[in-house]
Amino acid sequence: TAMCLNVSRLARQAEIADDKFRSSQVTMLLGNSGEVQFTDFGVTFWLDVTKVMFSSGNITERHRIGSIDMTGECVVDAFAGIGYYTLPMLVRSNAKHVYALEINPNSVLALNRGAELNGVSDRLSVIQGDNQVSMTTLSGIADRVHLGILPSSESTWLPAIECLKKTGGTLHIHMNVKETEVNSFVDYCLKQLSDYAIKQLGFSRVSLKHVERVKWYAPHVRHIVIDVAIQ
């Protein structure tokens with residue numbers, strides 16, 4: 001196979017481990033190093049495929065997020081990984097500063113390497129650890145909070161709102177939802193966010209900006225992203 005493909009390394013793909021790090025279970029069949037560097041839509045990524053996951057299926061969403069103008073904005077990326085969205089926000093969206101929260105030390109290594117390759121390290125602060133703790137240290141600083149975790153990001157909705165500036169901002173909420181239940185889930189999401197933002201935290205309005213159907217995650221199950229404005 002390696003000769004036919006004219007490659008010096010081969011690896012066997014595997015499901016992501018069911019642990020808090022979402023660790024890779026890729027094994028090398030030929031060659032010793034799993035390190036990979038590639039450029040996608042003007043953004044360079046680096047990772048070791050035997051240590052961390054990479055989701056190629058999120059390519060359209062990485063491009064969409066990177067196409068949003070974030071000039072002058074402070075962003076919190078609560079599940080940063082290797083920088084799937086952190087790096088596009090810095091390189092293409094021109095975010096002023098991104099606070100990237102990540103628990104996996106191998107992902108943190110890859111994220112920092114990617115930031116160096118793209119020349120954006122001076123606009124990035126990586127905070128390693130449990131984001132339920134680290135988000136509490138970022139209260140009131142963000143124009144935008146990105147919640148890119150599947151199958152559900154609901155446990156971080158309240159701390160995400162608390163990260164927003166008093167003037168409000170935008171949330172990007174990733175979820176897995178049955179296709180037939182997307183509309184009802186969006187309604188549920190807006191109600192829960194309103195309970196948090198308006199009733200508990202004193203904001204005045206929660207409104208839907210956009211629903212992006214990213215990909216099929218499983219039969220009849222969509223990976224969606226809900227963009228919500230909080231004012």
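1. The lining of the largest pocket is a mix: 23 nonpolar residues, 18 polar and seven charged. Here Ala, Val, Leu, Ile, Met, Phe, Trp, Tyr, Cys and Pro count as nonpolar, Asp, Glu, Lys and Arg as charged, and the others, Gly among them, as polar.

2. Keep in mind that this is a predicted model, where local features need pLDDT of at least 70, side-chain atom pairs count only at pLDDT 80 or more, and totals for chains, interfaces and linings use all residues. Residues are numbered from 1 along each chain as its sequence is written, and side-chain values use heavy atoms, with hydrogens and water left out.

3. Which residues lie nearest the centre of the largest pocket? They are Ile16, Arg22, Met53, Tyr84 and Ile149, out of 48 that line it. Elements giving two or more residues to this lining include β1 (10–12), β3 (35–40) and β10 (206–218).

4. Now look at helix α4, residues 105–118. Its 14 residues reach 20 Å from the first C-alpha to the last, close to the 20 Å expected at 1.5 Å a residue (1.5 Å times one less than the number of residues).

5. Among the buried residues of α4 (under 20% relative accessible area, 1.4 Å probe, protein chains only) are Val108, Leu111 and Ala115. Seen down the axis of α4, the buried residues fall within an arc of 165° (taken from the directions from the axis to the C-beta atoms), so they line one face of the helix.

6. Helix α2 (residues 59–66) is largely enclosed by the rest of the structure, because six of its eight residues are buried. Glu61, Arg62, His63, Arg64, Ile65 and Gly66 are the buried ones.

Technical notes. On a 1 Å grid over the protein atoms alone, a cavity is a set of points where a 1.4 Å probe fits but cannot get out, and a pocket is an open set with protein on both sides within 12 Å along at least five of seven lines; lining residues have an atom within 4 Å of a point. Helices (H or I, at least four residues) and strands (E, at least two) are DSSP runs, numbered from the N terminus. Buried means under 20% relative accessible area, exposed over 50%, partly exposed in between (1.4 Å probe, protein chains only).
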